[in-house]
Amino acid sequence: MQNAYFQIATRGDNHWWRYIVGAFLTLSCFFASSTASILLLWVYVKVDGDPATRVPSSDAIAAGGPLVEGVAPILQYVVFNLSFPFFLLGLYLSLRYLHGRSLKTLITPASRISYRRIFQGFIVFFLLKSFEVLLSYFMAPSEFALNFQLGSFLAFLPFVVLLTPLQTTTEELFFRGYLMQGTGSRLGKWMAILLPSLFFMMLHLSNPEVTTQENWEGVVSLAMYYFLTAAFLSWLTIKDKSLELAIGVHAANNMATLLWVTSSNSVLPSPAVFSLDEIEASFSIIFTTVAGFLLFSFIVFRLLKRPEAMI
């Protein structure tokens with residue numbers, strides 16, 4: 001019997017070519033708006049009259065360096081997130097006019113969305129991620145520098161709270177919603193986990209923390225991290241028969257990272273509590289990641305009850 005989450009796709013026009021066209025339209029909206037956002041930031045740097053801000057050389061950017069230098073993290077973060085409303089718009093248009101269904105059908109087959117389930121996943125994973133960071137700090141304090149400045153942190157916090165869920169929810173709606181439903185309704189759950197997760201991984205391999213790794217272990221371990229994270233979120237969605245937990249977990253992961261730790265090769269700098277010189281990845285990240293996923297699953301599925309019954 002097909003998973004109830006995959007069956008939602010049959011409520012609309014479900015021809016395979018519609019998913020190809022829809023994915024192309026959605027990603028075109030995202031990449032076009034991302035390019036426009038970067039160009040807007042570069043124009044700002046050129047005309048702001050501040051000698052401390054500049055656009056690095058193309059070689060430096062290609063090597064994984066920042067897109068701009070000297071620009072406040074808040075401004076960079078806002079500009080980075082400007083593309084996600086257009087990403088969401090492209091997905092909405094694809095669903096509305098190609099498939100004849102609503103965004104809600106990417107989240108749950110139930111009559112209503114369980115926001116308490118989203119917050120349940122968010123709170124549990126945010127606490128686990130925070131514990132992981134603090135444990136890493138106490139185990140190797142020399143690798144961390146205290147970066148906390150109350151004014152900068154409090155100024156950045158509202159933007160993280162408002163914009164991060166927009167970014168992560170949009171990604172979940174596309175990868176674990178649109179792509180996974182389209183794949184799962186035809187090819188089954190294992191291909192629904194595999195294919196979108198590989199795509200998610202490949203799109204993240206251009207992040208600076210990957211491109212600046214100095215050895216193959218760092219690159220491979222981060223690639224595995226992105227794939228395992230995407231596969232875990234896919235498994236959560238299939239297990240829970242809804243996207244609610246994945247939405248909460250993804251937002252918690254990104255928010256905790258932005259607020260706790262920053263580094264020179266982070267995809268986005270932030271006025272976090274701690275800073276690292278650079279993210280130097282190794283295979284140890286796989287073991288800590290898998291352990292966190294297992295602990296989260298035990299807490300959510302064994303110790304906690306689902307807030308609202310699914311129809």
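Just after helix 7 comes Gly 188, with a positive phi near 95°; helices here are DSSP runs of H or I of at least four residues, and strands are E runs of at least two, numbered from the N terminus. This is a predicted model, in which local features need pLDDT of at least 70 and side-chain atom pairs count only at pLDDT 80 or more, while totals for chains, interfaces and linings use all residues. Residues are numbered from 1 along each chain as its sequence is written, and side-chain values use heavy atoms, leaving out hydrogens and water.

Step back into helix 7 itself, which covers residues 150-187, and you will meet a kink of about 40° centred on Met 180. The bend at a residue is the angle between axes fitted to the seven residues ending there and the seven starting there.

Now follow the chain onward to helix 8, residues 189-204, which supplies 5 residues, the largest share, to a nonpolar surface patch. Among the patch members are Leu 187, Met 191 and Met 202. Leu 198 lies in helix 8 and is partly exposed, because its relative accessible area is 30%, between the limits for buried (under 20%) and exposed (over 50%), using a 1.4 Å probe and protein chains only.

Finally, look at the whole protein, which has 12 helices and 3 strands. Its C-alpha trace spans about 60 × 45 × 40 Å along the principal axes. Buried residues make up 48% of the 311 residues. Of the contacts (heavy atoms within 4.5 Å) with a separation of 6 or more, 79% join residues 24 or more positions apart.

Conventions: Patches are made of residues with over 30% relative accessible area and no salt bridge: like charges are joined within 9 Å, nonpolar side chains (Val, Leu, Ile, Met, Phe, Trp, Tyr) within 5 Å. Accessible areas come from the Shrake-Rupley method with a 1.4 Å probe; for residues, only the protein chains shown count as cover. A salt bridge is a side-chain nitrogen of Lys or Arg within 4 Å of a carboxyl oxygen of Asp or Glu.
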